[in-house]
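User: I am new to this structure and would like to go through it step by step. Could you take my questions in turn and show the reasoning behind each reply?

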Amino acid sequence: MSQTTVEPTRSEPAGTLAKAYDPRQVEAGVYDRWDEAGYFQPRERPDREPFVIVMPPPNVTGELHIGHALFVTVEDIMIRWHRMLGDPTLWIPGADHAGIAGQWVVEKLLAQEGLTRHDLGREPFVARVWDYMDRYRGRIREQTMILGASCDWTRFAFTMDPGPSRAVRRVFKRLYDKGYIYRGERLISWCPRCHTALSDLEVVHRDDQGFLWTLAYPIAGSDEVITVATTRPETMLGDTGVAVHPDDARYQHLIGKEVRLPILDRLIPIVADAAVDQTFGSGAVKVTPAHDPNDFEIARRTGLPAINVMNTDGTMNANAGPIAGMAIAEARAAVVDRLERDGSLVRTEPHRHAVGHCQRCDTVVEPLISTQWFVRMDELARPAIAAAKDGSLQFVPEHFRSVYLNWLENIHDWTISRQLWWGHRIPVWYCQRCGETIVTDEETLAACPHCGGPVEQDPDVLDTWFSSGLWPFSTLGWPDDTPDLRRYYPSSVMETGYEILFFWVARMVFFGLEVMGELPFHTVYLHGTVRDLEGAKMSKTKGNVIDPTVVTAEYGADALRFALVTQSSPGNDLRLDIQKVEDARNFANKLWNATRFALRPIAESDIALDAEGPARPRGDLALPDRWILSRLDATIDEATRLMQQHLYGEAGKAIREFVWSELADWYIEAAKVRLRGTPEERQAVAQTLAYTLERSVRLLHPFMPFVTEALWQELPQVGESVMIAPWPEPNERDEAAETSFGALIETVRAIRNARTEATIEPGRWIAASVYPGALSPAFEASRRELAALARIADDELSILDGAPEGGKGALTAVAGNVVAILPLAGAVDLDAERERLQKELAAAMAERDRANAQLGNEKFMARAPAQVVGVQRKRLATANEQIALIEGRLAELDG
């Protein structure tokens, strides 16, 4: 990295940071300062491609939940990282009108007043929903800000805003004109509670315990009967035929004859259809075209009529004869009772089977014949499939590519009309004079363009996913040719939950390809579901819901963000443990205290700056300084690589490990020795601390934006905010320093462990003879640090060459090739020391055996890279040396 000399600066005197880290104080006001400074808006650089994310718009139906906190965290990490990389970065926030869910929540509020939407009428009800949406949009924005989301609020969009609404009408007309949108009578899934059609994806199937009723239908003009089975006996009143397989010898003589339908005494034909499974049950099936999707298809092939026996509110209609007006459960009981009395019920058996439920209200869904609007999917799906197959569209994790393809390759036409009042009204008008159907992208139509007669708009609204599918370009001003659309479409990454891969992602892909002629994004990143500690899905009924604003109030947004991302990985569910949130707050506290400690020596020194901040220390550096700088370089390199692979949780863990374990626990403790030394040593330590901490704070910023901003402002730095500071770049690593100081650290650990096992008081200063072998020069250069960290009296520390020597009354600490002999006459239990060394010998032998097993594996040796084989050989050599050293020490104790 090039280094530019900047006028040296002094930081403020130590004490500007509060003694205790308080996330509420640290985070207060920071977000507003970022927003007012315009940092959330893209900083244009014509030489760089923009990085763009369109936020999955939360439903405006109440408070944000912990799942929203996860996607806000992941997306904000992406955005802040790319902003620091220097990319023009745009994150577009928004909110969704929520369709069924939006209408339902307002209907529940009306019910508390003793009213229904029908009491108000359509326009007053829609006005009431708008009022609710306007109130809660602000709350969702506020909660998103609390989490630190650095999105561009000047570009906030709502799916019902005029711009996105115009886009919806334009796309509807485009697809209608191309023949991709049509109106037809089909069997659809109907929710009696929501009073609307549902798409296949809005129906949740789960196994419910029920019954299987076997019924006997008498053959007309014969004493024979044919038996059929059903899980929904009330629908038998809508039977229009019985189907058998054309090759089923049992029924060859019956094909073309009629049966007499029990209760209604209607004659219905026996037809042949190859879809019937001869091996299941009796091999004969009742055909109810208006209430079963398989029967609907049989009817289309055989010409059977469809008779609907249900009203849209879930009651039986006049076609149901004597049970008309009954609710489904009541009708079922009545039909079974009548069949039993008439002798038509053969048997009743317990039966577990898949039952469809409304995704929104959990009501059992009823298949009904209905006239609806559909999107013809064959042509739209084809290019969306090709994009996934040719690699144009990437998936993180990769295995979701096959999931996406499997759905699109087996897709049915999409039911897009909903019998609701809240949503995008279908832009179709019917002339009351000439009967013409007019599709227009205009918001209103005063009269029929053909005859001038009065017109009436289709009462239905569009599936909410229709407007959401246009989100990547409708938020940028389409259908107008805006500067934003030209610059920021397509976006870069679509980050969302895997559960809406079909609901939303696939639809954005085929709409983007159809309307814009190119993919709406090049990468799909899918996160999992946030579950409770036991793995259960969170729900209000279970009482296990975690409110993110309650968590942030206690632990801070930084802690919640860091806990969420470091517990998650792409495509996998995570179990949120509040203890992990507390651990993350403790990590922020650790960094706070480390910075607070460093600020005093920094304030007492002249810190050289370069163009990016504190200059990298140069010259003849002490081993601890060389080590921490190299470990910083390694962490920058690893974190950058992991971020590039979308492994954000792993990157966060790597940064935490460096800051906590290496910088705070080892380097700062070692640096205290030289901070008590010469002015030159204090200056070197201060420069190293300033450089390392400032870069560390930058590395951590995308994950914990608030505390890093506070600390960056206190450290020597260049610029206005860490948010727009550059992402650190690694220098060449100092492998020799990492090896040498790493061995010293392991030696200290071994000495500490030996002291603990021998119950030597922690505060007691001891003597030691250390045998580092080839590392003697490095250990000698850092003898003060070794002595201080291991609590060895400096004048009683010997760093020696040759074979280790020690008497019976000594402890032995082994760390790799380094041996430390601790002569503690009278303080050592020889039996306990022998037992401890035996355990270490067993561990070393196990390590040797593992390495030998790998090196003796022909497949491993043939396939493993030379570097990996070298690591195993080094493991073997180190283990053999440890075995020899420990066996030698055991021999001394037994001598």
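Analyst: What follows is a set of questions and answers on a predicted model.

User: In the open sheet that contains β16, β24 and β23, which strands stand at the edges?

Analyst: The sheet is open and is built from 3 strands in the order β16-β24-β23, with parallel pairing. Two of these strands have a single partner strand each, so one side of each is left without a neighbour in the sheet. The strands at the edges are therefore β16 (394–396) and β23 (493–497).

User: By how many degrees are neighbouring strands of this sheet turned against each other on average?

Analyst: The strands concerned follow the order β16-β24-β23. With direction ignored, the average turn between neighbouring strands of this sheet is 20°.

User: Which residue in β24 stands opposite Glu 495?

Analyst: Strand β24 covers residues 523–527, and β23 pairs with β24 in the parallel sense over 5 bridges. Glu 495 falls within β23, whose range is 493–497. The residue in β24 that stands opposite Glu 495 is Tyr 525.

User: How is strand β10 covered on its two faces, and which residues lie on each side?

Analyst: Strand β10 takes in residues 241–244, and both of its faces are covered by virtue of buried residues on either side. On one side these are Gly 241 and Ala 243, and on the other they are Val 242 and Val 244.

User: Which residues stand opposite Ala 243 in β13 and opposite Val 244 in β12?

Analyst: Strand β10 pairs with strand β13 (residues 284–287) in the antiparallel sense over 4 bridges, while β10 and strand β12 (residues 266–272) pair in the parallel sense over 3 bridges. In β13, the residue opposite Ala 243 is Val 285. In β12, the residue opposite Val 244 is Ala 272.

User: Why does the pair of Tyr 21 and Trp 592 count as tilted?

Analyst: The structure holds 31 aromatic pairs, and the rings of Tyr 21 and Trp 592 form one of them, with centres 5.5 Å apart. Planes under 30 degrees apart count as stacked and those over 60 as edge-to-face, with the rest counted as tilted. The planes of Tyr 21 and Trp 592 stand at 45°, so the pair is tilted.

User: How many residues apart are Tyr 21 and Trp 592?

Analyst: Both Tyr 21 and Trp 592 are buried. Tyr 21 lies in the loop between β1 (6–9) and α1 (23–27), whereas Trp 592 belongs to helix α18 (residues 578–603). The pair links distant parts of the chain, and the two are 571 residues apart.

User: Are Trp 414 and Phe 510 buried or exposed, and what kind of ring pair do Trp 414 and Phe 510 form?

Analyst: Trp 414 has 4% relative accessibility and so counts as buried, and Phe 510, at 1%, counts as buried too. Trp 414 lies in strand β17 (residues 414–415) and Phe 510 in helix α15 (residues 501–516), so the pair ties together parts that are 96 residues apart in sequence. Their ring centres are 6.2 Å apart and their planes stand at 70°, so the pair is edge-to-face.

User: Which residues do ring pairs link into a cluster with Trp 414 and Phe 510?

Analyst: The cluster is held together by ring pairs and includes both Trp 414 and Phe 510. Linked with them are Phe 172, Tyr 176, Trp 373, Phe 466 and Phe 511.

User: Over which rings do Arg 117 and Arg 137 sit?

Analyst: Arg 117 lies over the face of its ring at 4.7 Å from the ring centre, and that ring belongs to Trp 421. The charged end of Arg 137 sits 4.4 Å from the centre of the other ring, which is that of Phe 158.

User: How many disulfides does a search of the whole structure find?

Analyst: Cys 191 is buried, as its relative accessibility is 0%, and the cysteine sulfur nearest to that of Cys 191 is the one in Cys 361, 3.5 Å away. For Cys 194, the closest cysteine sulfur is in Cys 191 at 3.7 Å, which is too far for a bond. Over the whole structure, the number of disulfides found is 0.

User: Where is Ser 782 placed, and with which residues is Ser 782 in contact, leaving aside its neighbours within four places in sequence?

Analyst: Ser 782 is found in the loop between α24 (776–781) and α25 (783–790). Its relative accessible area is 1%, so Ser 782 is buried. Apart from neighbours within four places in sequence, the residues in contact with Ser 782 are Leu 623, Pro 624 and Leu 744.

Key: Residues are numbered from 1 along each chain as its sequence is written. This is a predicted model: local features need pLDDT of at least 70, side-chain atom pairs count only at pLDDT 80 or more; totals for chains, interfaces and linings use all residues. Side-chain values use heavy atoms; hydrogens and water are left out. Two strands pair if DSSP finds at least two bridges between them. Axes are lines fitted to C-alpha atoms, for helices over the stretch in contact, and angles run from 0 to 180 degrees between N-to-C directions. Rings of Phe, Tyr and Trp (its six-membered ring) pair if their centres lie within 6.5 Å; planes under 30 degrees apart count as stacked, over 60 as edge-to-face and the rest as tilted. Buried means under 20% relative accessible area, exposed over 50%, partly exposed in between (1.4 Å probe, protein chains only). A charge sits over a ring if NZ of Lys or CZ of Arg is within 6 Å of the ring centre and within 35 degrees of the ring normal. A disulfide is a pair of cysteine sulfur atoms within 2.5 Å. Contact means heavy atoms within 4.5 Å.
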